[in-house]
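I opened the model to look up a few local features. The notes below are in the order I made them.

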Amino acid sequence: MLMSTQGIGYANGKIILMGEHSVVYGEPSVAIPFPATQIKTTVQAAEGETTIECLFYKGLLNDMPELLESLKAVIQVSLDRLGQNESLSINIDSTIPAERGMGSSAAVAVATTRGIYDFYKQALSHEELLEIVDISEKIAHGNPSGLDALMTSSSTPYYYIKGQPVTPIELRLAAVLVVADTGKTGQTKEAVASIGEKIRGKNKALYQRKITELGRLAKDSKDYLSHNQPEQLGLAMNQAQNLLSELGVSSLELDALVVSALSHNALGAKLTGGGRGGCMIALARNLNEAQEIATALEEAGAKATWLYEMSGD
């Protein structure tokens with residue numbers, strides 16, 4: 001089998017634009033690829049045993065901690081499918097922050113699989129890529145939706161309802177998305193559990209209405225993206241943030257960043273992902289305003305910010 005001197009694989013981050021938490025209850029969500037954060041995996045031949053170098057670990061593949069078991073699976077499955085067993089040097093360079101709801105673990109799997117296949121000069125269909133990444137994500141997350149793998153390996157936004165086929169969205173929004181990291185790990189499991197308690201509690205009808213409304217906002221947002229309606233999307237983001245706050249999944253840090261973004265002319269701002277930490281997103285009319293918002297967010301405590309110029313006519 002032909003090999004190159006090195007193989008390169010890329011993957012991008014992902015952002016849940018609308019529908020976090022309500023998606024658990026059968027409502028739609030909208031996710032977008034986020035190319036402002038990326039992972040690059042470089043694969044080369046190695047003498048001795050296969051080695052890994054990434055942010056969390058540097059050393060032999062076989063000595064990797066259990067935390068990275070999903071990465072080990074991706075490498076082994078890829079090599080098995082290619083009929084290869086030689087030693088490799090695998091370097092993973094990432095700008096996607098871990099445990100922030102931006103698809104870091106799936107992106108590592110996507111970039112590494114692509115890098116290995118590129119090293120052996122073998123074609124890799126998107127279908128097979130998703131199959132391999134799904135094996136990894138099951139180790140990392142138990143029962144993944146597949147959305148992270150899809151989003152980190154593609155350049156198209158998707159509309160997603162649990163248990164149904166995903167639908168691509170034509171992105172025609174002339175606006176800039178600003179993402180800010182609170183610097184705190186998101187508490188997804190705790191947030192999901194707390195909403196579950198509310199849905200089953202004495203005020204369940206009230207909270208179910210909030211979940212339903214979040215789903216409606218996600219559904220409307222799909223149209224805002226494809227019909228270039230940034231003002232309407234911004235309003236929907238603000239409404240979603242209010243509902244998520246009422247459901248108890250925001251945080252003081254997230255709230256402070258939302259207030260800062262809105263006070264600097266953002267069209268809308270909300271948390272993204274599980275909440276109670278993690279990241280927030282804001283929508284700006286243009287790049288200049290986005291840069292001003294990003295500066296303000298960093299002054300308000302954001303540990304990092306990224307900008308994504310979304311496409312529009």
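These entries cover one helix and its surroundings, then some residues with unusual backbone angles.

**Entry 1: the model.** I am working from a predicted model.

**Entry 2: helix α8.** I checked the length of α8, residues 252–263. Its twelve residues should span 16 Å at 1.5 Å a residue, and I found the end C-alpha atoms 16 Å apart, so the expected and computed spans agree.

I then asked which residues of α8 are buried. They are Leu-254, Leu-257, Val-258, Ser-260 and Ala-261. These cover an arc of only 165° around the axis, so they sit on the same side of α8. The general background is that residues three or four places apart point the same way, because an α-helix has 3.6 residues a turn. On the face of α8 turned away from the buried side I noted Leu-252, Val-259 and Ser-263, which are exposed.

**Entry 3: what covers α8.** I looked up the elements over the buried residues of α8. The cover includes the strands β8 (175–181), β9 (268–272) and β10 (279–284), together with the helices α7 (230–246) and α9 (287–299).

I followed α9 further. The axes of α8 and α9 are 9 Å apart and make an angle of about 145°. The crossing of α8 past α9 is right-handed. From α8, Leu-257, Ser-260 and Ala-261 take part in the contact, and they meet Ile-293, Ala-296 and Leu-297 of α9. I note that Leu-257, Ser-260 and Ala-261 are also on the list of buried residues in α8.

**Entry 4: positive phi.** I next looked at backbone angles, bearing in mind that most residues other than glycine have a negative phi. Just after α8, Asn-265 has a positive phi of about 75°. His-21 is not a glycine either, and its phi is positive at about 75°. For Asn-228, I read a positive phi near 55°.

**Entry 5: Asn-228.** I placed Asn-228 in the loop between α6 (204–226) and α7. Its relative accessibility is 30%, so Asn-228 counts as partly exposed.

**Entry 6: His-21.** I located His-21 in the loop between β1 (6–18) and β2 (29–45). Is His-21 buried or exposed? Its relative accessibility is 5%, under the 20% cut-off, so His-21 counts as buried.

I then listed what His-21 touches, leaving out residues up to four places away in sequence: Ala-191, Val-192, Ile-195, Leu-244, Val-249, Gly-273 and Gly-274. With Gly-274 there is also a polar contact, in which the side chain of His-21 reaches the backbone oxygen at 2.7 Å.

Key. Residues are numbered from 1 along each chain as its sequence is written. This is a predicted model: local features need pLDDT of at least 70, side-chain atom pairs count only at pLDDT 80 or more; totals for chains, interfaces and linings use all residues. Side-chain values use heavy atoms; hydrogens and water are left out. Helices (H or I, at least four residues) and strands (E, at least two) are DSSP runs, numbered from the N terminus. Buried means under 20% relative accessible area, exposed over 50%, partly exposed in between (1.4 Å probe, protein chains only). A polar contact is a pair of N or O atoms within 3.5 Å; within protein, one must be able to donate a hydrogen and the other to accept it, and residues adjacent in sequence count only if both atoms are side-chain atoms. Contact means heavy atoms within 4.5 Å. The expected span of a helix is 1.5 Å times one less than its number of residues. The arc is that of the directions from the helix axis to the C-beta atoms. Axes are lines fitted to C-alpha atoms, for helices over the stretch in contact, and angles run from 0 to 180 degrees between N-to-C directions. A crossing is left-handed if the near helix is turned anticlockwise from the far one by less than a right angle, and right-handed if clockwise.
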